[in-house]
Structure formats: structure tokens, C-alpha cells
Amino acid sequence: MNSVLQLFLIGCALLFSTFVIRLLVKNKIGERNSVIWLGGLLIIILLSSNPSLFDEAARILGIDYPPSLLFFISCLVLLTFNLYQTVQITKLTIKIKDISQYIALSQNEERHDSNDD
Amino acid sequence: MESVVLTLKKLNYPFDIVIVDDGSTDGTAKKAIDSGSSVVSHPTNLGYSAAIQTGFKYAEKKNYPYVIFFDGDGQHDPNSIIDMMEAITLEHVDVVIGSRFLQDGDMKIGVSKRMAIIFFQHIIYLTTKKRITDPTSGFKAYKANVYKLFTKPNEFFYDLPDSNFIIDILLRKHTILEIPVNMFDRQNGKSKIHNTGIKPFIYMAQTLLSILIVIIKKKRILKIGGKLE
């Protein structure tokens, strides 16, 4: 891996980390979610600053071009995170449905109570 | 919608009428409330399945022994309600389905919908060995022992409760009876299964997947039940 690419990757990861931390400070992202993002970024930074580790891993896996291993890992991380987000959305959808049904039924009851008075 | 409620009220049957309004924005809910009906109004659009579950939850709250579902789009014939009521109260079954195919009618059904119905008739027979002629009918009556099963958030997870729901009920060893009812072409509103483009295929794939999940879940419950014994 050449040093320009290495610097570029570290730079991007650091820039992204500052974004995540800023969002965290502004309460625009949950702590639990940001931990996963920051953890992923830390792995990218560590791997980019020790390219020999990477070359070795790529050689063992039979990958001719080591940086493509980096992209492959990034893809896996993103896919996993995406699936996790879909699970979260489904959970939220069910919660919203239940809350909406609760509100609807309570309003109905309220209307009937006031009609009875 | 108003004409349906009016007809139901005129029939003067001994039951409560409740309207589930799925977040309508055209003033339907207000009109219904003004007319003196009991209305449960979703604050936002939640879909067909959630509306059915709201009906179940309402029934559970009021502790009704039976609940009959009736579409408000003019597709179901209010005069068939008495048959549904007699069937659910007098017959020893847990669920009654109003079928449009058990009597001669002039119901116009497109080729793709007819094929989907025949397909799911077979799937239901294959999985439960029961013949259901109208798996997509929304005209259903439930006894309390069945509808109370589906008021919990994780027990009613269907996007479209059709054949998958019927299979679920049958696999739980509940009994279903079909009776002939009259159905009309929709006066207003859209079908759950849109008859154009790719949507029928997505509907079929989704329902098949849902059936598969019902069967897997059922197997798991049986396994856990077997271990406990």
C-alpha cells in the first residue's frame, strides 16, 4: 500500500470521526450507534497505519491487491450495520403502531366517557 | 362508508358497530363521529393489518365474545351479516369466513387475482389439509378465544393478513367455517392486491414468505412444547 493512499485513508477516517463526535455532541446520534461507527473507524485507522498487517492478511487470503481487502472489510461492516438499522426500523415501526393504536383506543374511550356524562 | 353504516344501523341487529379509521384525511372520521358511531381513529396511516389488530384490541377491551369484520368500501353486503352472526354464534367453530365463491354471483374478478386465489387455495390445502375457497376474503368473524391471541404486538406481525393468517389459525388447531356471502365490486377504495405491474408478484412472494415463517414458528412452538412435556 503506498503512503499517499495510507495518508488519504487515515485522513478520511479522522474527518469522519470528527463528524460522528460532532453529531454526538449535538445529540443527533445515539451513543450506542456512535460506538459502532467509531469502533469501525478505529479499525480502519489502525489497519491503514500498519499496512504490513494488511499485506500479510491479504497474502494469507490470496488477495493480490491488499487495499481491496480494506474495501471488502468496509463493505461487510456497512452491510452488517445496514441490517442492524433495518432491525431497528422494524422495532420502531411496531412501537409506533402500538402507540398509535393505544392513542386511538384511548381517544375513543374518552369520547364515550364524555358522552355518558 | 356512510351508506354502509346507515344500512347496518337500519338492520337493527343486537351488536355494537365500531369504525376503525386508518388515519383518513378526508374527514371520514369526523363524519362518522358526528353520526354517533363509535370511531377508533389512528392518528396516522398504519395500514390494513394494523387496522384489523386495532379491531381486535377494541374487542378485547370491551370483552366481546364475537367480532365480525366488515369492509367499509361497499364490497361486503350488510345483509350477509346476519348469516355471519348466526354461523359464529350457533356453529361450533372459532372463525367464520364469508366466501364469495360458495354461491353463484356476478362478481367480476380479474384473471391474475383468480389465479392467485386458486394458488393459495392449494397452498392452504397442502399445509393444513383444509379447503378454503376464499382465502383473500376480509369478511370474517372471530370468537374471543381466537381474536385475543392476536392482540399482542408480536403475535400479529402480518403486513397482509390473508392466507398466511388462515394457515396460522388452522395450525393452532382452531376451526374455520366458510359460508356463502354476497360481495359487490368495490364502490370506492383500492384493493390490497393491486392488479397492475409487478405488485401482484410482490404480494404473492411476500405472502409465500409469510406462510413459510408461520410454519417455521409453528414447528418451533411444537418443539418447545414437546420438551416441556
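These legends go with close-up views of chain A and chain B in a predicted model. Residues count from 1 along each chain as written, with chains lettered from A and ligands numbered from 1 in written order. Local features need pLDDT of at least 70 and side-chain atom pairs pLDDT 80 or more, while totals for chains, interfaces and linings use all residues; side-chain values use heavy atoms, leaving out hydrogens and water.

**View 1. Helix α4 of chain A, end to end.** Helix α4 (a DSSP run of H or I, at least four residues, numbered from the N terminus) covers residues 67-116. Its 50 residues reach 73 Å from first C-alpha to last, close to the expected 74 Å (1.5 Å times one less than the number of residues).

**View 2. The buried residues of α4(A).** Among those that count as buried (under 20% relative accessible area, 1.4 Å probe, protein chains only) are A:F81, A:K97, A:Q101 and A:L105. The buried set packs against α1, α2 and α3 of chain A, plus β2 (a strand; E, at least two residues) and α3 of chain B.

**View 3. Where chain A meets chain B.** Contact (heavy atoms within 4.5 Å) takes in 14 residues from chain A and 18 from chain B. About 1400 Å² is buried here, 57% of it from carbon and sulfur atoms (accessible area lost on being put together, 1.4 Å probe, summed over both parts). A:K97, A:Q101 and A:L105 supply 39% of chain A's share, more than any other three residues.

**View 4. A:E109 and B:K61.** This pair forms a salt bridge (Lys or Arg side-chain nitrogen within 4 Å of an Asp or Glu carboxyl oxygen), with the closest N and O atoms 2.9 Å apart. The interface has two salt bridges by this rule.

Key. Buried area = accessible area lost by both parts, 1.4 Å probe. Buried < 20%, exposed > 50% of the residue type's maximum accessible area, 1.4 Å probe, protein only.
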